[in-house]
Amino acid sequence: ANDQYVMDALKTEVNALEEVSKNLFLEAHAMQQAKVRMVESKTLKGRVKNILGHFLVIYCLYRLVISSRHLFFPQGDLDPVSKGMQLFMKHFNIFPDLNVALWSQNLSLMFIGIVVGNSMRNFVKNI
């Protein structure tokens, strides 16, 4: 009976030590990834990604606020993509017959796709 008690205690201790080892490995790996991200953030590519990330956050917040406002107070305001395309087309007089409403919807959908795609990629990467 005494030998069984010692074996059970050793098994419990081994399981606990394996769990500690696993957690230490995961923490070391996370630290290594953070170091790589820090080094990358100082490069031109990292800075551009950071700026684009801030732009997309601002765009998403803007869309959220405008969508909420339109839910309660329906209006015919244009979104920033439509406004930007109209200003660009007026200023440079490029493609005067272009259907701005149609293309701005496609560009807005593309922006949303980029945001969702990046979110999914980051989610899957962190699993």
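## Gly113 and Phe111 in helix 4

In this predicted model, Gly113 counts as partly exposed because its relative accessibility is 41%, a value that falls between the 20% under which a residue is buried and the 50% over which a residue is exposed. Gly113 has its place in helix 4. Although Gly113 and Asn23 are 90 residues apart along the chain, what separates them in space is a distance of 35 Å between their C-alpha atoms.

Phe111 is also found in helix 4, and with a relative accessible area of 22% this residue is partly exposed. Phe111 and Leu56 are 55 residues apart in sequence, while their C-alpha atoms lie 8.1 Å apart in space.

## A nonpolar patch on the surface

Which residues make the nonpolar surface patch of about 620 Å²? The patch is built from Ile112, Val116, Met120, Phe123, Val124 and Ile127. Val116, one of these residues, is found in helix 4, which runs over residues 100-125. Val116 counts as partly exposed because its relative accessibility is 48%, and this value also passes the requirement that a patch residue have over 30% relative accessible area.

## The largest pocket

Rolling a probe the size of a water molecule over the atoms shows where empty space is left. In this model, the largest pocket holds about 900 Å³ of space. Its lining is made by 25 residues, and those that lie nearest the centre of the pocket are Lys49, Asn118, Arg121, Asn122 and Lys125. Two or more lining residues come from each of helix 1 (2-41), helix 2 (44-72) and helix 4.

Which helix gives the most to the lining of the largest pocket? That helix is helix 2, which contributes 10 residues. When the lining residues are divided by their chemical character, 10 are nonpolar, 10 are polar and five are charged.

## The salt bridge

How many salt bridges does a search of the whole structure find? The search finds one, and this salt bridge joins Lys49 with Glu40, whose closest N and O atoms are 3.2 Å apart. That distance satisfies the rule for a salt bridge, because the nitrogen has to be within 4 Å of a carboxyl oxygen.

Lys49 therefore appears in two parts of this description, as a partner of Glu40 in the salt bridge and as one of the residues nearest the centre of the largest pocket. Lys49 counts as partly exposed because its relative accessibility is 43%, and Glu40, at 30% relative accessibility, counts as partly exposed too.

Technical notes: Residues are numbered from 1 along each chain as its sequence is written. This is a predicted model: local features need pLDDT of at least 70, side-chain atom pairs count only at pLDDT 80 or more; totals for chains, interfaces and linings use all residues. Side-chain values use heavy atoms; hydrogens and water are left out. Patches are made of residues with over 30% relative accessible area and no salt bridge: like charges are joined within 9 Å, nonpolar side chains (Val, Leu, Ile, Met, Phe, Trp, Tyr) within 5 Å. Accessible areas come from the Shrake-Rupley method with a 1.4 Å probe; for residues, only the protein chains shown count as cover. A salt bridge is a side-chain nitrogen of Lys or Arg within 4 Å of a carboxyl oxygen of Asp or Glu. Helices (H or I, at least four residues) and strands (E, at least two) are DSSP runs, numbered from the N terminus. Buried means under 20% relative accessible area, exposed over 50%, partly exposed in between (1.4 Å probe, protein chains only). On a 1 Å grid over the protein atoms alone, a cavity is a set of points where a 1.4 Å probe fits but cannot get out, and a pocket is an open set with protein on both sides within 12 Å along at least five of seven lines; lining residues have an atom within 4 Å of a point. Grid points are joined across faces, edges and corners, and a volume is the space filled by probe spheres set on the points. Ala, Val, Leu, Ile, Met, Phe, Trp, Tyr, Cys and Pro count as nonpolar, Asp, Glu, Lys and Arg as charged, and the others, Gly among them, as polar.
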